[in-house]
Amino acid sequence: MKKIRLLALILAVITAGALFYYLSLAGNITKNTPKSNVIVAADDIPENTVMTADMLKLVSVPTDTILPNTYDNATDIVGKTTSAKIIAGEQILSIRLVDVGSTESGTLAYAIEPGMRAITIGVGDTSSLKYMIRPNDTVDIVAQYQVEAENKAIPTAKLLMQNIKVLAVDQVMQKSGSDKYTTLTLEVTPTQAVELSYSENAGLLRAILRSPLDKNDIYVPVITITQILG
């Protein structure tokens, strides 16, 4: 019986020693593991939410657990919009965020500024500067109609809109644009969208390219064929 008790005591000492050694080793491994900072979600963040600083948290984690395309600075995230739901504690990935109003997002819906609309108009060889307009350019739109006056149709031209942003040419949203295209997608107000829709059915639309440095609207009177001919 004494031998059994002695053997049990020896085994207990060995077990305790082994456990102490294991815990010490684990503590050293944890202590020596390289760590880095990464931004994570403080709480669940729904889709289509503009990011604010209070939604974010900086944590230190083992470096080899940090995913690609993450952030370590909250200022790089604030103001961006989530394109998908982010779970609390999840590392914030750049592919989950978009800059609303930028065509670089690759998604037309996020390229549109809040309060604005996107509308597509058809263009031809002579109505779009022969394929030289690119996404993010700004254009003016000229509408040409046949206006009825004194029982006859009078050709009339009107500078319909100014300083309109081009969101896409055909389905291309990148600045490189497309070598050829048949449509321009424009960012306009709801009222302008209705005016463009009507004008395209009633007459001919032409897009006039603006300098990116020119932001001022100017007054241009309605022009008729009679005025041109004097």
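These are legends for a handful of close-up views of a predicted model.

**View 1. The whole chain, for orientation.** Before zooming in, here's the lay of the land: four helices and ten strands. Going along the sequence, they come in the order α-β-β-β-β-α-β-β-β-β-α-β-β-α. The chain has 230 residues, and 31% of them count as buried. If you look at contacts with a separation of 6 or more, 64% come from residues 24 or more positions apart. On the outside, the chain exposes about 14500 Å², with carbon and sulfur atoms supplying 59% of that area.

**View 2. The largest nonpolar core, 22 residues in all.** Val139, Ile141, Leu184, Leu186 and Leu196 have the most contacts inside this core. At least two core residues come from each of strand 5 (117–122), strand 6 (138–149), strand 7 (152–169), strand 8 (183–188), helix 3 (190–202) and strand 9 (204–209). Strand 7 gives the largest share, with five residues. There's also a second, separate core of ten residues, and Ile39, Ala41, Ile92 and Leu97 are among them. As background, nonpolar side chains in soluble globular proteins tend to be buried together.

**View 3. Val139 and the residues around it.** Skip the neighbours within four places in sequence, and Val139 still touches quite a list: Ile133, Gln162, Asn163, Ile164, Val166, Leu186, Ala207, Ile208, Leu209 and Arg210. Arg210 turns up again in View 6, this time through its salt bridge to Asp214.

**View 4. Thr185, a polar side chain in strand 8.** Is Thr185 buried or exposed? Its relative accessibility is 5%, so Thr185 counts as buried. The side chain of Thr185 has a polar contact of 2.8 Å with the side chain of Thr120. Beyond four places in sequence, the residues in contact with Thr185 also include Leu108, Ala118, Ile119, Lys165, Val166, Leu167, Ala168 and Asp170.

**View 5. Two of the four salt bridges.** Asp99 pairs with Lys80, and their closest N and O atoms sit 3.2 Å apart. This pair links distant parts of the chain, 19 residues apart. Asp99 is in the loop between strand 4 (97–98) and helix 2 (108–111), while Lys80 is in the loop between strand 2 (56–62) and strand 3 (81–82). Asp99 has a relative accessible area of 38%, so it is partly exposed. Lys80 has 17% relative accessibility, which means that Lys80 counts as buried, since the cut-off is under 20%. The other bridge here joins Arg96 and Glu90, with 3.3 Å between the closest N and O atoms. Arg96 is partly exposed, at 25% relative accessible area.

**View 6. A salt-bridge network around Arg210.** Which residues does the network join? Asp140, Arg210 and Asp214, through salt bridges that share partners. Between Asp214 and Arg210, the N to O distance is 3.3 Å. Asp214 counts as partly exposed, with 33% relative accessibility, whereas Arg210, at 8%, counts as buried.

**View 7. A nonpolar patch on the surface.** Ile225, Ile228 and Leu229 make up this patch, and together they have about 320 Å² of accessible area. Ile225 belongs to helix 4, which covers residues 225–229. With 32% relative accessibility, Ile225 counts as partly exposed.

Terms used. Residues numbered from 1 in each chain as written. Predicted model: local features only at pLDDT ≥ 70, side-chain atom pairs only at ≥ 80, totals over all residues. Heavy atoms only, no water. Core = buried A, V, L, I, M, F, W, Y, C linked by side-chain atoms within 4.5 Å. Buried < 20%, exposed > 50% of the residue type's maximum accessible area, 1.4 Å probe, protein only. Contact = heavy atoms within 4.5 Å. Salt bridge = Lys/Arg side-chain N within 4 Å of Asp/Glu carboxyl O. Patch = residues over 30% accessible without salt bridge, like charges linked within 9 Å, V, L, I, M, F, W, Y side chains within 5 Å. Areas by Shrake-Rupley, 256 points an atom, 1.4 Å probe, with all protein chains shown as cover. Polar contact = N/O pair within 3.5 Å; in protein donor to acceptor, adjacent residues only side chain to side chain.
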